[in-house]
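Visitor: I would like to go through this model by question and answer. Please show me the chain before we start.

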Amino acid sequence: MGVANDFSKLAQVTRAARIELSTRVLLELNNGRGYIGATDNISESGVFFTLGYRPVTINRGEFGFLHVMPLSGHRPLPCQVARLTESGIAIQFVDRCPLGQNSVLVPARFPHGNESGTP
């Protein structure tokens, strides 16, 4: 029991600090699936947002893009679905999505990592 308790304490220490923040976001997944919700909290490693219903066509581990709304002026953030709850989705930010998976909503807006689109 001592080891499990120590592990629990370690997990609490290493978990990224959460900031309560409410803003509208859109999770864009492949096959044209999109889910609009409101953020509940955000950290350096990810975000949890609520949909108001159980997400049934999403699988843990799927890659996608998180868009802050409105879409104009915000870079899509590559992410991976980390956890699903009865009313929301936890996503983890990643460096990039698998090769060939690109945002359909913002297809060529930031091709080289800058807003001008120039190399």
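Visitor: Which arginine does the side chain of glutamate 86 meet in a salt bridge?
Guide: This is a predicted model, in which local features need pLDDT of at least 70 and side-chain atom pairs count only at pLDDT 80 or more, while totals for chains, interfaces and linings use all residues. Residues are numbered from 1 along each chain as its sequence is written, and side-chain values use heavy atoms, with hydrogens and water left out. A salt bridge here is a side-chain nitrogen of Lys or Arg within 4 Å of a carboxyl oxygen of Asp or Glu. At 3.1 Å, N to O, the partner of glutamate 86 is arginine 54.

Visitor: How many residues apart in sequence are the parts that this pair ties together?
Guide: Helices (H or I, at least four residues) and strands (E, at least two) are DSSP runs, numbered from the N terminus. Glutamate 86 lies in the loop between β6 and β7, and arginine 54 lies in the loop between β4 and β5. The pair therefore ties together parts whose distance in sequence is 32 residues.

Visitor: Is glutamate 86 buried or exposed?
Guide: Buried means under 20% relative accessible area, exposed over 50%, and partly exposed in between (1.4 Å probe, protein chains only). Its partner arginine 54 has a relative accessible area of 45% and is partly exposed. Glutamate 86 has 57% relative accessibility, so this residue counts as exposed.

Visitor: The structure holds two salt bridges; which residue forms one with glutamate 62?
Guide: The closest N and O atoms of this pair are 2.3 Å apart. Glutamate 62 is buried, with a relative accessible area of 14%. The partner of glutamate 62 in the salt bridge is arginine 33.

Visitor: How many disulfides are there?
Guide: A disulfide is a pair of cysteine sulfur atoms within 2.5 Å. The sulfur of cysteine 79 has its closest cysteine sulfur in cysteine 97, and because the distance is 6.4 Å, the two are too far apart for a bond. Both residues are buried, cysteine 79 at 1% relative accessibility and cysteine 97 at 10%. The count by this rule is zero.

Visitor: Which residue in β7 stands opposite cysteine 79?
Guide: Two strands pair if DSSP finds at least two bridges between them. Strand β6 (residues 77-84) pairs with β7 in the antiparallel sense over five bridges, and the two form a hairpin with three residues between them. Opposite cysteine 79 in β7 stands phenylalanine 93.

Visitor: What is the bridge partner of phenylalanine 48 in β7?
Guide: Strand β4 (residues 46-50) also takes part in pairing with β7 (residues 88-93), in the antiparallel sense and over five bridges. In β7, the bridge partner of phenylalanine 48 is alanine 90.

Visitor: Which residue in β4 stands opposite alanine 38?
Guide: β3 and β4 pair in the antiparallel sense over four bridges, and a hairpin joins them through three residues. Alanine 38 in β3 also has arginine 24 opposite, where strand β2 (residues 24-29) and strand β3 (residues 34-42) pair in the antiparallel sense over five bridges. In β4, the residue opposite alanine 38 is threonine 50.

Visitor: Which residue takes a positive phi in the hairpin of β2 and β3?
Guide: This hairpin has four residues between the strands. The phi value is near 60°, and the residue is asparagine 31.
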